[in-house]
Structures are given as structure tokens and as C-alpha cells.
Amino acid sequence: MRKTGRNRISGRIVETEAYPPGDPSGHVYHGRTARNQSLFLDVGFAYVYFIYGTSYMLNVTAEEPGVGAGVLLRAIEPVDGIDLMKRLRKTNKLTDLARGPGRLAAALEIDQRLDGVDLCANGPLWLGTAVRETAHISTTVRIGITREVGRLLRFFEAGSPFVSGPHSTR
DNA sequence: AAGAAGATTCGCT
DNA sequence: GCGAATCTTCTTA
């Protein structure tokens, strides 16, 4: 759920990836830095970072304070504020609005100012409750990493057209 | 101190 | 399919 001014944007989370404690492909692996400090917050805070000079990414912290682990939100199925999302993303194609982590951040107007926000509080960005049942959840290897490539830590709703990467139906 | 790689996307071929 | 965009961190000298 996202609130910008008078506008409301929201979507169902349909694809995530886990970056657990000790993961060599996680941003915490080499210790605490100015960029990754939000990952060390308590469960349910936002970790937003900028990568490749082009894209923001949104994570939800997932461990006790000081541990450093998160869940990358890779795709949402647009629910509210679709017209605004289309303007933010400069496309009218529904399935391209938030399919992929950089696109998701752009569609929700997320940038470094939302780094460290409490996602379980009444604020500009938060986690709502499910709007409907989730279909079967498929599991695969993670996308775009080069270490710990074999671990099955990507999760997505089977059959959803709003998921990035391989679209398994199992 | 400098270069390469990185949890990506877009436009062009 | 390939290269550019271009910020942060890590690696090597």
C-alpha cells in the first residue's frame, strides 16, 4: 500500500526473493555500510537502494534487529491507482506496470526517501492484508545473482501474468 | 586510487 | 539478443 499526496496506489505481492542471514549474495555479507544499514532494523521495515544507476529496489526486513536479512519484492499485481501507475511507469500495459523489482519501485513512486520506513505503521508505505486467496506458490532459483545460485529462494504465485522471469505454472 | 561488478530496465537490432 | 545508463561497494595495485 502506498500513499502519495491524495493518491493511493496498491497491489498484491505476487513475487519475492529471500536474502537470508549469511547469504553471500546478500547486501549484508560484507558488513554494515551507509547503504545497507536499514537491513539491520527490526522485522517489517523498508530497505530501499539504488542499483545499476537506474533502478530502485524495495526489500522488507525479515530478522531481529542487528541481524541483517530481507525479502526483495519483485512484482505486484496492480489493484488501486492503476492510472497513476501508468503515468509513473510511462506505459499503458497492465502486466508491465510492476513486473520486476525496479518497475515495482517506479510504479509505487519509491525512492531512497522511503529507506527505513516502518511498513507496519500508518505512513507513506505499508503492508496491507490480502485482498484474496493466493494461488499455488512456486519456488525457483533467484534471478540476476552469481553467488549461492542454486538455492530455491524465489517465490511467486503460479500462473500469474504479473510475475517476472520464468512463468512456471507449478 | 582506479576499475569492475552488481538483487535491472529500456531502446534498438 | 546486446549495450547503455551511471550509483555504491568491493577488489586489486
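Biologist: How far is a phosphate oxygen of DNA strand C from an N or O atom in the side chain of Thr 33?

Modeller: Keep in mind that this is a predicted model. Thr 33 is one of the residues around DNA strand C. Its side chain offers the N or O atom here, and the gap to the phosphate oxygen of DNA strand C is 3.1 Å.

Biologist: And which residue has a backbone N or O atom 2.9 Å from a phosphate oxygen of DNA strand C?

Modeller: Look along the residues around the strand, including Thr 33, Ala 34 and Arg 35. The backbone, in this case, supplies the N or O atom at 2.9 Å from the phosphate oxygen, and the residue is Arg 35.

Biologist: What share of the atoms of DNA strand C within 4 Å of the protein do sugar and phosphate account for?

Modeller: The protein side of this includes His 30, Phe 50, Tyr 52, Gly 53 and Thr 54. By class, that surface has three nonpolar, four polar and one charged residues. On the DNA side, the sugar and phosphate share is 76%.

Biologist: Moving on to Glu 77 in strand S5, is this residue buried or exposed?

Modeller: The cut-off for buried is under 20% relative accessible area. Glu 77 has 12% relative accessibility, so it counts as buried.

Biologist: Which residue's side chain makes a polar contact with the side chain of Glu 77?

Modeller: Beyond its sequence neighbours, Glu 77 is in contact with several residues, among them Ser 10, Arg 12, Arg 132 and Phe 162. The side-chain polar contact, at 3.2 Å, is with Arg 132.

Notes: Residues numbered from 1 in each chain as written. Chains lettered and ligands numbered in written order. Predicted model: local features only at pLDDT ≥ 70, side-chain atom pairs only at ≥ 80, totals over all residues. Heavy atoms only, no water. Near = heavy atom within 4 Å. Polar contact = N/O pair within 3.5 Å; in protein donor to acceptor, adjacent residues only side chain to side chain. Nonpolar A, V, L, I, M, F, W, Y, C, P; charged D, E, K, R; others polar. Buried < 20%, exposed > 50% of the residue type's maximum accessible area, 1.4 Å probe, protein only. Contact = heavy atoms within 4.5 Å. Lists of a residue's contacts leave out its neighbours within four places in sequence.
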